[in-house]
Amino acid sequence: MRVITWLVEGTWPACVDAVRTHVPQAAEVVLLHVSGPDVPGLAHGAFAGLLGRGRTRGHHPDESWGSDPGDLVDALGAGSAAELLSAAAERLGRPCRREERSGRVEREVVAAAEGADLLVLARDGDRSRLGPKSLGPAVRFTVDHAPCPVLLVWPEPAPGLETIPPPHHH
């Protein structure tokens, strides 16, 4: 059995705990983190647009002035992902594989789940009530397109049944 566990900042502990509770010890567990291209790409673009594409280090008395901040954001993101994967592996407390991907997050998760027996992920929308709005766009896409069974978990205790909206009267 191969289980992909999608780890996202803020909700990953619930996913790891679900694996500990529901996945057999003998299963191959993959801890997956996906970094989107958005933030580094925006930093690269802003730098190029504001300062011009020809700007390089050494054209200003402050040597760091010419450095592309997108490179720094990339490096910080990679360090953060490694720390998250390390913390998740420690919390899991059993052998696992760590996988870091980058790209369109929801599409990378779906691709990683190809051939898996289970995908574990957490709700990422409005978690104050039960219902479809508890899924943000990335999780909704992933649930709709996953090529394997999905275990969808609440990052905290689920809201009560009283949070379901009343039925519409026609």
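Strands β1 (residues 2–6) and β4 run parallel and are joined by 3 bridges. The model you are looking at is predicted, and β4 is a good place to start exploring it. This strand covers residues 118–122, and 5 of its 5 residues are buried, so it is largely enclosed by the rest of the structure.

**Neighbours of β4**

- On the β1 side, Ile-4 stands opposite Leu-119 of β4.
- Strand β5 (residues 150–153) also pairs with β4, again in the parallel sense, through 4 bridges.
- In that pairing, Val-120 of β4 has Leu-151 of β5 opposite it.
- A right-handed β-α-β unit is formed by β4, helix α5 (residues 137–145) and β5.

**Side chains of β4**

- Leu-118, Val-120 and Ala-122 point one way from the strand, and these residues are buried.
- Leu-119 and Leu-121 point the other way, and they are buried too.
- Put together with the pairings, Leu-119 is the β4 residue opposite Ile-4, while Val-120 is the one opposite Leu-151.

**Confidence in the model**

- The protein has a mean pLDDT of 84, with 75% of its residues at 70 or more.
- Please read residues 53–66 with care: their pLDDT is below 50, and the stretch has 13 contacts in the model beyond near neighbours in sequence.
- Residues 72–77 likewise have pLDDT below 50, and for this stretch the model shows 5 contacts beyond near neighbours in sequence.

Notes. Residues are numbered from 1 along each chain as its sequence is written. This is a predicted model: local features need pLDDT of at least 70, side-chain atom pairs count only at pLDDT 80 or more; totals for chains, interfaces and linings use all residues. Side-chain values use heavy atoms; hydrogens and water are left out. pLDDT is the predictor's confidence in each residue, from 0 to 100. Contact means heavy atoms within 4.5 Å. Buried means under 20% relative accessible area, exposed over 50%, partly exposed in between (1.4 Å probe, protein chains only). Helices (H or I, at least four residues) and strands (E, at least two) are DSSP runs, numbered from the N terminus. Two strands pair if DSSP finds at least two bridges between them. A crossover is right-handed if, with the strands pointing away from the viewer, the path from the first strand over the helix to the second runs clockwise.
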